[in-house]
Amino acid sequence: ATVGGQVTLDELPLRDDLRGKSPYGAPQLDVAVRLNTNENPYPPPPELVADVVEASRVAAAELHRYPDRNAVGLRTDLADYLTTATGVPLTCANLWAANGSNEVLQQILQAFGGPGRIAVGFEPSYSMHPIIAAGTRTEWLPAPRRSDFSVDVHAAAAVLAEHAPDITFLTSPNNPTGQSLEPAELADLIDAAPGVVVVDEAYVEFSDRPSAVALLATHGHKLIVSRTMSKAFAFAGGRLGYLAAAPAVVDALQLVRLPYHLSALTQAAARAALRHADATLASVALLRAERGRVVSELAAAGYDVVPSDANFVLFGRFADAPRAWRAFLDRGVLIRDVGIAEHLRVTVGTPEENDAFLQVAVDVLALEE
Ligand code: PMP
């Protein structure tokens, strides 16, 4: 028996508001074709790997010391990258980084949410937003999207005016549905929001729409743009998320971050990966082309496909989505049941992975008939 195994979760003096909750749990299964967590299917190129190894070797010689608490070098490199990508002149003072954008979002909720405060999101959207809200004891208020999963900006503005949330989440492109918001729509919603607005741009590199970063010039007093190296940068295992905001927002986050939260190895590896951004981001064009192929072949097979601006596609309609998910898995393809009735989500993979998925998709549709 495991040491301590006789104690059950129910017996622990857990916070009442966490009782009965489930942890985030995308299955991590050993399947040939894994298209379930919106990763970049292309591994980092050998030059990047070599550079990460060398940067880690240098950092390892200093591991008896704590790392730079404020990650100034990394934040400066991220500012330079975002300035090049968006044309908006940003500096280290505008940037903040943490272990994945999940930690960035948690720090935002720790600083701007908390007991007695409200966060709004337009659902279905990223499942971690309400989970992080719960963990920080921020009240979560879900607001609806249209039945086609787009945001009705007028109705959304009315929700923000009525409930006056302290934090508003806008996910663009939205996970798991794929659509993004125009800058003008984002500006209208930021104007309507009384509190802080977090635009979660985890998938923005895959989108045709401009980044919300451009709105920092006009809406910087309440706009936070959250980003990640997990998707387009092919760095999910490195755990590096970041945000762009007004310098005062960055000051606020320093009040809640744990000291030395970004290890010396993480900082060194992320900086090395950023030096190869051109190579990793080259995969974006390939993945966008493959997204187009996956969308058109799914539609040709007879599926309903939700338009996507990201590296994944939501499609249906299944009489029983959990059963269809299992049918894909039984045929060696792991995709995602995101809890939307009649729909499943597939991440765009390599051409070979997409071929395998599309073949199975035809077989699974035949089961439906
Ligand atoms: N935001 C959205 C919308 C996401 O889909 C994800 C990843 N699934 C994240 C944030 C968090 O990613 P990470 O912590 O790897 O940066």
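Let's start at the ligand, where an oxygen atom sits 2.6 Å from a polar backbone atom of Ser101. Keep in mind as you look around that this is a predicted model. A second backbone contact comes from Asn102, with an N or O atom 3.1 Å from an oxygen atom of the ligand. The side chain of Lys231 joins in as well: one of its N or O atoms lies 3.2 Å from a nitrogen atom of the ligand. On its own the ligand has 400 Å² of accessible area, and the protein covers 94% of that.

Stepping back a little, you can count 13 residues around the ligand, the closest being Ser101, Asp200, Tyr203, Thr228 and Ser230. Helix α3, spanning residues 100-112, supplies the largest share of this shell with 3 residues. What is the chemical make-up of the residues in the shell? They divide into 7 polar, 3 nonpolar and 3 charged.

Next, have a look at Gly238, in the loop that runs between β7 (223-228) and β8 (241-244). Its relative accessibility is 22%, so Gly238 counts as partly exposed. In sequence Gly238 and Gly100 are 138 residues apart, yet their C-alpha atoms are 8.2 Å apart in space.

Now for the salt bridges, of which the structure holds 16. One of them pairs Asp16 with Arg19, with 3.7 Å between the closest N and O atoms. Asp16 is exposed because its relative accessible area is 65%, whereas Arg19, at 36%, is partly exposed. Another joins Arg146 to Asp152, with the closest N and O atoms 3.9 Å apart. Here Arg146 is partly exposed at 40% relative accessibility, and Asp152 is partly exposed too, with a relative accessible area of 28%.

Further along the chain, the side chains of Glu342 and Arg317 meet in a salt bridge with an N to O distance of 2.7 Å. This pair links distant parts of the chain, 25 residues apart: Glu342 belongs to the loop between β11 (333-334) and β12 (343-347), and Arg317 to the loop between β10 (312-316) and α11 (321-330). Glu342 is partly exposed, with a relative accessible area of 32%, and Arg317 counts as partly exposed at 46%. Salt bridges also link Glu290, Arg293, Glu297 and Asp355 into a network.

Finally, turn to the surface, where Val7, Leu9 and Leu12 make a nonpolar patch of about 260 Å². Val7 lies in the segment before β1 (33-34), and its relative accessible area of 44% makes Val7 partly exposed.

Methods:
Residues numbered from 1 in each chain as written. Predicted model: local features only at pLDDT ≥ 70, side-chain atom pairs only at ≥ 80, totals over all residues. Heavy atoms only, no water. Near = heavy atom within 4 Å. Polar contact = N/O pair within 3.5 Å; in protein donor to acceptor, adjacent residues only side chain to side chain. Areas by Shrake-Rupley, 256 points an atom, 1.4 Å probe, with all protein chains shown as cover. Helix = DSSP H or I, 4+ residues; strand = E, 2+ residues; numbered from the N terminus. Nonpolar A, V, L, I, M, F, W, Y, C, P; charged D, E, K, R; others polar. Patch = residues over 30% accessible without salt bridge, like charges linked within 9 Å, V, L, I, M, F, W, Y side chains within 5 Å. Salt bridge = Lys/Arg side-chain N within 4 Å of Asp/Glu carboxyl O. Buried < 20%, exposed > 50% of the residue type's maximum accessible area, 1.4 Å probe, protein only.
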